[in-house]
Amino acid sequence: IESQIRKNKTKLAKRLRENVMDMSMIPDPEEIIPEPEATYTLRFMLDGEILLESSYTMGDAISAPEAPEREGFRFVGWGDLPETMPAEDLTLSACYEAILYRLTFRQDGEVLSEELLPLGAPITAPTPESRLGATFLGWESLPDVMPASDLTLDGGYQPIEYKLSFVTDGEEISSSTLRFGD
């Protein structure tokens with residue numbers, strides 16, 4: 001039995017020697033040139049123009065540029081901005097929503113109409129109520145389009161004036177100007 005064990009050990013040792021790799025075939029770690037990591041392009045767009053373009057490798061944390069300001073609009077984000085760079089090129093557009101401003105028309109301090117409009121929307125004034133004995137003078141400082149702020153416009157009236165003349169034998173003997181309601 002002992003001789004059989006020695007025979008088996010010898011065979012095993014021979015097989016191990018045959019399967020051992022020649023260490024001279026393993027390159028020095030300093031001589032190994034790593035393959036470059038794939039880079040992907042990330043573009044941030046504003047109104048169809050490239051605002052910022054950067055290269056990232058997959059898994060890098062993404063830094064978004066500061067939100068560009070636009071008058072009359074609120075920045076709401078860069079679309080579907082991931083936290084880390086995916087394994088593909090990515091183009092993101094700035095997303096905005098219109099800010100709505102309050103437009104109020106008043107007559108004698110009472111609200112006649114009120115609406116919310118975005119910057120630059122055309123303004124259509126309501127038809128003022130007619131008043132007996134008065135002429136509507138118009139809306140003070142009525143712009144054509146909505147500005148980037150809330151706006152209250154007051155409408156004014158002017159009493160109609162009448163000339164009262166006393167005439168005798170075709171000749172005016174006295175006259176006075178009166179306002180309606182006096």
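# Exercises on a predicted model

Asp47 is exposed, its relative accessible area being 58%. The model is predicted, and the exercises below start from this residue.

**Exercise 1.** Determine which residue Asp47 meets in a salt bridge and where the two partners lie in the chain.

*Solution.*
1. The side chain of Asp47 forms a salt bridge with that of Arg70, with an N to O distance of 3.6 Å. The cut-off for such a contact is 4 Å, so the pair qualifies.
2. Asp47 sits in the loop between S1 and S2, and Arg70 in the loop between S2 and strand S3 (73-77). The two residues are 23 residues apart, and the pair links distant parts of the chain.
3. Arg70 has a relative accessible area of 30% and is therefore partly exposed, whereas Asp47 is exposed at 58%.

**Exercise 2.** Find the salt-bridge partner of Arg74 and state which elements the pair ties together.

*Solution.*
1. The partner is Glu97; the closest N and O atoms of the pair are 2.9 Å apart.
2. Arg74 belongs to strand S3 and Glu97 to strand S5 (residues 95-98), so the contact ties together parts that are 23 residues apart in sequence.
3. For exposure, Arg74 comes out at 41% relative accessible area and Glu97 at 37%. The class "partly exposed" runs between 20% and 50%, so both values fall within that class.

**Exercise 3.** Classify the exposure of Lys163 and Glu172, which form a salt bridge, and say which residues are joined into one network by salt bridges that share partners.

*Solution.*
1. In the pair of Lys163 and Glu172, the closest N and O atoms are 3.9 Å apart.
2. Lys163 counts as exposed because its relative accessibility is 59%. Glu172, with a relative accessible area of 41%, is partly exposed.
3. The network consists of Asp108, Glu129 and Arg131, joined by salt bridges that share partners.
4. The structure holds eight salt bridges.

**Exercise 4.** Work out the strand order of the open sheet formed by three strands, and name its edge strands.

*Solution.*
1. The order is S2-S1-S4, with mixed pairing.
2. Strand S2 (49-57) and strand S4 (90-93) are the edges, since each of them pairs on one side only.
3. From one strand to the next, the twist averages 20°.
4. Strand S1 (residues 39-46) pairs with S2 in the antiparallel sense, over eight bridges. Arg43 has Glu53 in S2 as its bridge partner.

**Exercise 5.** List the residues of the largest nonpolar core and identify the strand that gives the most to this core.

*Solution.*
1. The core has 12 residues in all: Tyr40, Leu42, Phe44, Leu46, Tyr56, Ile62, Trp78, Met85, Leu90, Leu92, Ala94 and Tyr96.
2. S1 and S4 each supply at least two residues of this core.
3. S1 gives the most, with four residues.

**Exercise 6.** Identify the residues that make the nonpolar surface patch of about 360 Å² and the strands that each supply at least two of its residues.

*Solution.*
1. Leu164, Phe166, Ile173 and Leu178 make the patch, which covers about 360 Å².
2. Strand S10 (161-168) and strand S11 (171-179) each contribute at least two of the patch residues.
3. Leu164 is found in strand S10. Leu164 has a relative accessible area of 36% and so is partly exposed. Membership of a patch requires over 30%, so Leu164 passes that cut-off.

Conventions: Residues numbered from 1 in each chain as written. Predicted model: local features only at pLDDT ≥ 70, side-chain atom pairs only at ≥ 80, totals over all residues. Heavy atoms only, no water. Pairing = 2+ DSSP bridges. Axes fitted to C-alpha atoms, helices over the stretch in contact; angles between N-to-C directions. Buried < 20%, exposed > 50% of the residue type's maximum accessible area, 1.4 Å probe, protein only. Patch = residues over 30% accessible without salt bridge, like charges linked within 9 Å, V, L, I, M, F, W, Y side chains within 5 Å. Areas by Shrake-Rupley, 256 points an atom, 1.4 Å probe, with all protein chains shown as cover. Core = buried A, V, L, I, M, F, W, Y, C linked by side-chain atoms within 4.5 Å.
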